[in-house]
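This report walks through one protein model, beginning with the whole chain and then turning to single elements and residues. Please keep the sequence and the structure in view while reading.

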Amino acid sequence: MITEKEGIFYLNTKNTTYVFGVTKFKHLEQIYYGTKLTNEVEVGAVRYKQSAQTGTTVMYDASDENYSMDTLPLEWSGCGRGDYRCNPLEAKMPDDTFITDFTFQKYEIIKGNVPMQTLPSAYGTEHETQTLIVTLFDEVQNVTLKLYYSVYEACDVITRRVVMTNHAVKAVSIRKIQSMMIDLKYRNYDMVTFDGGWIREAHKHTKEVTYGMIVNSSTTGSSSNRHNPGFVLAEHTATQDHGWVYGFNLVYSGNHYSCVERSNRDLIRVSIGINPHCFEWQLKQDESFETPEAVMTFSPHGFNGMSHQFHDFVNHHIIRGDWKGKDRPILINNWESDFFDFHESGLLKLASQASKLGIELFVLDDGWFGERNHDKAGLGDYQVNHKKLPHGLIGLSKKVKAMGMDFGLWFEPEMINEDSELYRNHPEYAVTVPGRKAVKGRNQLVLDLCKKEVRQYIIDQVGTIIDEAELSYVKWDMNRHISEMYSEALLVQGEFSHRYIMGLYEILQSIFGTRPHVLLESCASGGNRFDLGMLCFSPQIWVSDDTDPIERLKIQEGLSYLYPQSTFGAHVSMAPHQQTLRNTPLSTRFNVAAFGCLGFELDLKQLSPVEKKEVRDQIIFYKRYRELLQYGIFSRHEQLRENQKSWQVTSRNARTALVGFYQTLGQAAVGMDQLIVKELQQDAIYAVSTRPQNLYLDRFGGLIKHAMPIKINPKGVILRTANQVYSLKDCVETYQASGRILEAGICLNDQFVGTGYHNNMRMLGDYGSNIYLIEQKIN
Ligand code: GLA
C-alpha cells in the first residue's frame, strides 16, 4: 500500500494513488492525487517543472533561481520563507519569530495506525491500514513535525495529521496548526459546503473556487450547525455519478477551519484543522501537540462515488464497539408528544402503544430529573423527579422492559442551570469569566470541562444512572453555543476551546468505553455537532430537531454527502409540523425517515386506528429491509425536476434496491415521471413494486365526492368517522424489467391532474412520495 523509491512516496488505495516527494532542498512536494497509477514512470511527467523564474517571487536558494516556495505544490509549508499562500502553521517559535522551515529528516512505514493520546481517531487492523510517518525538522527552532499518513485501502481513504514536538528550552506558542495541507493542480473546481443553523442543518451550497480564499469554519465551540467540517472539491462539471470529486473531513467536534485557496499560479491549496480563532497553545520543552485527524478521499465517479467511500470509511473505521455494523433499534421518543409535561402513567400508555406497534426502544427525553419542568431549571441535577416518576427510573425501566422494549434516557451533561442544586453548591463548575455577567443560551450555562472535578462529576452521575436504570441507550444533548471561553484551571486561556473538547472526549470514553452495549445517540439541538469526532463514540446522531420530511430531504441529503445513513437519527413526527406548520402525509414522513435509523416522535396515543395500522405496516417493512436501509449503498439521483428528489439504497450483491421518490410542491399537468434505478446487474430481471401506503380521505377535502361512489359531506361526521377507520389504498404499480431498462428509467403512471380519480393514479400532490422495492427475480 505504501512504498518509497528514491525519495518519492506512493500511497495506494484500491482505486487511488497519492504521491509526494522530497525536493532537493528537502521540502515535501505534492505530486499527484487521483486515480490509481500503475507505473511509477508516469510520476516524472506529472511533476511540476519549475523551469522558469517567476517575477516578484522569493528565491529559496541562490543555487537555483527557479526554486520558490510560493510556486511549488507542497504537502506542508513554512512561514516567512517565501510562500505567501494560506499557511498551515502560525506559531511564535523559540527564537521569538514566526518563521519556520521544516525539512525532511526521516520516515517510517508501519502496519496499522497509531492511536492518538488526546483525541479520537480512525482505526483499522494491520491488514486494512498502513501508516507513513514523515519527520520534518526545523533546525533553527529545534522543533519537530511528524506528518502521519494512514491509508485505508479498501475504502479509498487517506487520513493525515500532524504532531509538533518542541525540543527547545523556550516554549512555542502555537496560534494556528492545521491537520493537513495539500496543493492540487488547477481544474475548474467548485467547493461544496454543508451549512445552516438550528432546524436547517447541512444545506448544500456550491461556490466557485476562484482567486483568493474560501473559508469553511466554526467558532461556536462545536463543529456547529452553521458549517459542517466536511466539504467537497468537485470539478465544475461533476454530477452525482461522473467527474472528479475530492472529499475532506475532520475527526473533531470543536471549532474547525478549512481554507481553499486558488493561488495566482493556479494551484489549489486545501487545508483543514482546528480553528485558529482565539486559539493559543503553549508547548514547553519536550511537549508535543497533536492535531485532529483529517480525512481525504478521491473519486472519478462523481459525488456518489465520493460518498460511497466516505460511508464505508465511517461504518468500518470510525464507528466502533458493539454497535459497529449492528442494526439500530426502532425507537419511540416522548419529546414531541410531551415536552416537559408527563407522568409515569402517560409514559406507560405511550410505551404500551409503541410495543404493540413493534417499536423496540422507549426513550424518555428531557424533564425527568430535578425541577426540570421547563428549560429554566434543573440542568445539572440528575436526581429523578418523583412527582413525575413515583417509582423512579428503575420502576419505569422495569415496566418498559416487561413490555418487551429496551429503555433509554436523555441527558444534557455538559450544561447547568443557575436554578439547580448543582449551581447552588458549585457555581465554580460553570463557565464564566470574572468581571462579566455570563451570556446564556436556552437559559443555561456551560460546565467547565477543563476542570477534572467537573469531568468526574459528569462521569459519576451519568454512569450511575445508566447502571441503575439498566439503560440500553443514551441521548446526549448539548443545546447552546459556548461563550466566555475562560477556565480558572488554565494558565493560557487560548487553550480553552480545544481543552473543552478533549475533556468531552475523556468523559465519553470513560462512560461509554466501559459500557459498549449502550447505544449513544449524540444530539446538539439536532445536528449542531454532527461530526466524525462524535461518531467515534456515538454510532448515531440526531440529525435535526426539524422532523418535517420536506425539510429533512435537504438536511439528510446534505449529510449524505459525508456520512452514511446508519448514523442518521430520523423520526416520524406529527403533522402539521411543530416548526413549519406543514401538513405532510404519514407515508411521506416515513418514506424520508426510513432512509436513516428509524424512530417515532409523535403521540401514538392520538393516532386513529387506521393510522396505527399504517405505522405497524411501516415498522414491518422497515424491519424487513432494515439492513439495506441502514447499511446498503446509498446514492442520490440526479434531480430531474426541481420539485422532485430521489434516493436509492442498493444491497452489496445488487439483488435488492429501494428507491424513495419525493415530490415537494406539486405542479399542474406535468408529463410522465420516471423511476430510475442504478447500480443493478444490467442483464438480471427485477420485479418492481410500490410499497403499499394509505391515502386518507381527509386529504381530498371537498373533492371526496369524485373519489367516493356515494355523496357525503366532506365536513360531516360520517367522513370524519370514516377517516378514523378507513383509508383508500394509494396507487401500487408493479413491473418487471432488466437492470439496463431500470437504469434507462421506467415510466410511471400519471399523477392526478383533476380529470377524474381511479386507483391507478399517483396521488402525490404537494409532499407526496413513494418507496419502490426492486428485487431480482431468481429463476
Ligand atoms: C433539544 C433536542 C431535542 C429535545 C430537547 C429537550 O432541543 O434537540 O430533541 O431533546 O432538547 O429539551
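## The protein as a whole

Of the 779 residues in the protein, 63% are buried, where buried means under 20% relative accessible area, exposed means over 50%, and partly exposed is in between, with a 1.4 Å probe and protein chains only. The model is a predicted one, in which local features need pLDDT of at least 70 and side-chain atom pairs count only at pLDDT 80 or more, while totals for chains, interfaces and linings use all residues. Residues are numbered from 1 along each chain as its sequence is written, and side-chain values use heavy atoms, with hydrogens and water left out.

The protein contains 16 helices and 40 strands; these are DSSP runs numbered from the N terminus, with helices being H or I of at least four residues and strands being E of at least two. Its radius of gyration is 28 Å, close to the 28 Å that the globule rule gives for 779 residues, so the protein is as compact as a globular protein of that length. That radius is taken over C-alpha atoms, and the globule rule is 2.2 Å times the number of residues to the power 0.38. Along the principal axes, the C-alpha trace of the protein spans about 95 × 70 × 40 Å.

A contact means heavy atoms within 4.5 Å. Among the contacts in the protein between residues at least 6 apart in sequence, 71% join residues at least 24 apart. The accessible surface of the protein comes to about 29,200 Å², and 51% of this belongs to carbon and sulfur atoms; such areas come from the Shrake-Rupley method with a 1.4 Å probe.

## Two covered helices

Helix 2 covers residues 302-318, and at 1.5 Å a residue its 17 residues should span 24 Å, which agrees with the 23 Å between its end C-alpha atoms. The expected span is 1.5 Å times one less than the number of residues in the helix. Helix 2 is mostly covered, since 14 of its 17 residues are buried.

In helix 11, eight of the eight residues are buried, so this helix is largely enclosed by the rest of the structure. Among the buried residues of helix 11 are L586, R589, F590 and A593.

The loop between strand 29 (568-572) and helix 11 (586-593) holds P576, and the peptide bond that joins A575 and P576 is cis, with omega about 0°.

## Four buried residues

The table gives a C-alpha separation for each of four residues and one partner.

| Residue | Partner | Apart along the chain | C-alpha separation |
|---|---|---|---|
| T129 | H205 | 76 residues | 33 Å |
| L697 | A707 | 10 residues | 8.9 Å |
| F342 | K388 | 46 residues | 6.5 Å |
| W410 | D365 | 45 residues | 4.6 Å |

T129 has its place in strand 7 (residues 129-138) and, at 0% relative accessibility, counts as buried. Leaving aside residues up to four places away in sequence, T129 touches several others, including M1, K111, S150 and Y152.

L697 lies in the loop between strand 36 (694-695) and helix 14 (704-707), and L697 is buried, with a relative accessible area of 0%. Its contacts, again not counting residues up to four places away in sequence, include I704, M708, L719 and Y726.

F342 is in the loop between helix 3 (335-338) and helix 4 (344-357), and this residue is buried too, with a relative accessible area of 8%. Among the residues that F342 touches are L364, D366, W368 and K388.

W410 belongs to strand 23 (residues 406-411) and counts as buried at 1% relative accessibility. The residues that W410 touches include L364, D365, D366, W368 and K475.

## Positive phi in two loops

Which residue has a positive phi of about 60° although it is not a glycine? That residue is N142, which is placed in the loop between strand 7 and strand 8 (143-152) and counts as partly exposed at 29% relative accessibility.

R442 also has a positive phi, near 45°, in a residue other than glycine. R442 is found in the loop between helix 6 (421-425) and strand 25 (445-446), where, at 30% relative accessibility, R442 counts as partly exposed.
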